[in-house]
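Please open the model in your viewer and keep the sequence panel beside it, since this tour moves from one selection to the next.

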Amino acid sequence: MADKFYLTTPIYYVNARPHIGTTYTTVVADVIARRKRALGVDTFFLTGTDEHGQKIQRSAEKAGCSPQEFTDGVAAQFRALWDRLGLTYDDFIRTTEPRHKRGVQKLFALLKERGYIYKGSYTGQYCVSDEAFVDVPPGAPCPECGRITETISEENYFFKLSAFERTLLEFYDAHPEFIRPETRRNEVISFVKAGLKDLSVSRTSIQWGIPVPGDEKHVIYVWMDALVNYITAIGYGSDDPKDIARFEKYWPADLHIVGKEITRFHCVYWPAFLMAAGLPLPKSVVAHGWLLFEESKMSKSRGNIVRAETILDVLGADALRYFLLREVVFGQDGSFSFDALVQRYNSDLANGYGNLVSRTLTMIGKYFDGVVPEFPTTDSLIEQNATETVTGFGHAFEGYAFSKGLEVVWDLIANVDGFLTAHAPWKEPEGISADTLRQQRAMILYTAAEAIRIITALIYPVIPDAAAKVWSQLGLGDIHKADLKNIAWGGLRPGTKLGELGPVFPRAEKDAISRMKEIEEKNNPSVPAQDETQPVPGVRAVPLAPKAGTIAAPATPTTKESRTSRLHAALDGLAVAIAESTNETAAVVAVENFVKDNLGSGSQAAAAPSAPAPAEVGDKITIDDFAKVELRVAQIKVAERVPKADKLLRLEVDLGYEQRQILAGIAEAYTPEQLIGRKIVIVANLAPRKLRGLESNGMLLAASLEGGKPVLAGFLEDVEVGARLK
Ligand code: ME8
């Protein structure tokens, strides 16, 4: 086993407070870090905040404070939440810290010295939301997020990304484990194969960033600045021998955990920067899916966030941690709902693990005065099951299959529970001697308690607070100090005096769901907090335009039915514009524009009856409105029926640059066989939705005939897959 493990989360933008989407990545990292440490691996877990760039500069301006004041406030909120969640990060890096600035400047100077950074002039389209240059004509929307791009004409420094095309492809080929899962790896490879252009890595039109060494009117491109955090945090750029030693010990990183939308930055730009600097490359980048809420990606810009604090207040940190790891299949998108959370809590934690612990330890208290009994033998099936669980759980976790790993443990919990019920140690069968009864009870209760010890050691990284309680109830002391490497069967010593017993997971109160919803509503009132207006400690908040979700909220009592439906129609258009945003805040400006264009500015205007009505179905739209919808040619590669859904087909379509899944209600018009190979038109930038538990990424176009079956849109001439319809 490797003697060190360095893992990182993305550093989060500070233009809004954390939510359970950002919490998800950080909790997963914490679980991995805790498990590695439990296995005796020297682990370094890094997280932090990304504090420079145009977006943050604008957010601070809107909040009426300096960027530094603004970022200080939000970074403190992130840390406070991570601390409340008990996350065991070893360092929290902020890109505004001197240690980071020093390292970024050092790397920039090195790349320049090595001939990989040169000065050139550039005119191009910049997407502020994504903080990225994009290859579109002036005035066109960003292909990633649909936001209108800004024309930037500047003298810039460029990084010779084009020089790394072949080297990167060779690297991916030689290191299949570098990008996981496979779908992300394929996307990255296609992106690089399509050709890499040199990357502009400085800006002169903004000030909020790290100055280019020796040419201070330029600031370093925010993504170059941000990615370098992974090395500056562990000492890169410092002359202090302790920092140098730490860097040498931990670099290269073993694992960068990221959300799927930022894979390109981590798998193309970052390795290219490192190659140019002559530094080793990280061992792996693992991209997870999105946490969806109300069917779309939970994000501050969409206004559909749930705050972790709400769940902590009502059910505690372990409930949230367990839910995120168990309910979401790592790598895929997963939905969050309060109902599902409470259901998992009650069935798996309260009735499952908590109940098993309580009944077993209470009986040891009753029949053996709270002392683990001497046992003549243990149940061989449970013993075997426990041993297999240790292996199964280990394999699952090594492969990031957290949900599977927990499922295996909960199978064991169910088996032990069934074993107790079947043997009913509380019964006193007639004709059995007191000695035999005691022996039988000892066997049953020792078996159950030993299984609980093993279960607890395994799930400690996921639910550390509960595991610590159970460990101490088992009389084993402080789990945080325990050696959890060796948990072979039989480790629980007879004679161990149990600790003080008490409930581990009391059943959730009946009103838990409504309480959480109420707290959320109170904190995200009908005007959900706009990113930039989040109350940041020490920062003056200014009123801003309301968010889209607010305006259309049917619950607003003063809102008339007709007006609500009109707004809904307009919001659907907006949803398309912000759909598939690859960046947390990618849609903020879209929302602002929507408010400006359709409703005037300010929340009063939004509610005022005199506000211009947003486009109704049948109204004319502008070319810019149309340009927001990304229509593309796709080819159907896989088509199959969805079980128990008469109308639905599951399609896998090829867009040239990526393959994706779409669910379409055309099963009554087409058989799967008729569709394979067919070229169709899809809306490529539609927010993902879940239908029958399956994610649909886009929508195909078909003529909808009254009383008839849908007819797919297609072409008479042959067209290239991926071509855009304009
Ligand atoms: O992209 N579901 O920061 P960011 C799952 N600063 N994960 C989510 C999520 C959701 N709904 N929402 C956010 C940036 N995340 C850059 C990163 S790294 C050098 C720079 C998580 O604040 C997920 O990990 O937009 C995603 O990649 C990250 O937050 C984006 O955070």
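**A residue, its helix and a hairpin pair**

Begin by selecting A442, which lies in helix α16, and bear in mind throughout that this is a predicted model. Is A442 buried or exposed? A442 has a relative accessible area of 2%, and because buried means under 20%, A442 counts as buried. Now show what surrounds A442: leaving aside residues up to four places away in sequence, A442 touches F368, P373, E374, F375 and T447. Add T378 to the selection, and you will find that A442 and T378 are 64 residues apart in sequence, while their C-alpha atoms are 8.8 Å apart in space.

Next, select helix α13 (residues 338-368) together with helix α16 (residues 434-459), which pack at an angle of about 140° with their axes 10 Å apart. Their crossing is left-handed, and the contact includes Y353, L356 and F368 of α13 as well as R438, A442 and L445 of α16. The residues of this contact divide into 14 nonpolar, two polar and two charged.

Then move to strand β18 (residues 645-654), where seven of the ten residues are buried, so the strand is largely enclosed by the rest of the structure. On one side, select strand β17 (residues 631-642), which pairs with β18 in the antiparallel sense over seven bridges; here V642 stands opposite A645. The two strands form a hairpin with two residues between them, and K644 in the turn has a positive phi of about 60°.

Finally, select strand β19 (residues 659-664), which pairs with β18 in the antiparallel sense over six bridges, with I662 as the bridge partner of L651. In this hairpin, four residues lie between the strands, and G656 takes a positive phi near 85°.

How values were computed:
Residues are numbered from 1 along each chain as its sequence is written. This is a predicted model: local features need pLDDT of at least 70, side-chain atom pairs count only at pLDDT 80 or more; totals for chains, interfaces and linings use all residues. Side-chain values use heavy atoms; hydrogens and water are left out. Axes are lines fitted to C-alpha atoms, for helices over the stretch in contact, and angles run from 0 to 180 degrees between N-to-C directions. A crossing is left-handed if the near helix is turned anticlockwise from the far one by less than a right angle, and right-handed if clockwise. Contact means heavy atoms within 4.5 Å. Ala, Val, Leu, Ile, Met, Phe, Trp, Tyr, Cys and Pro count as nonpolar, Asp, Glu, Lys and Arg as charged, and the others, Gly among them, as polar. Buried means under 20% relative accessible area, exposed over 50%, partly exposed in between (1.4 Å probe, protein chains only). Two strands pair if DSSP finds at least two bridges between them.
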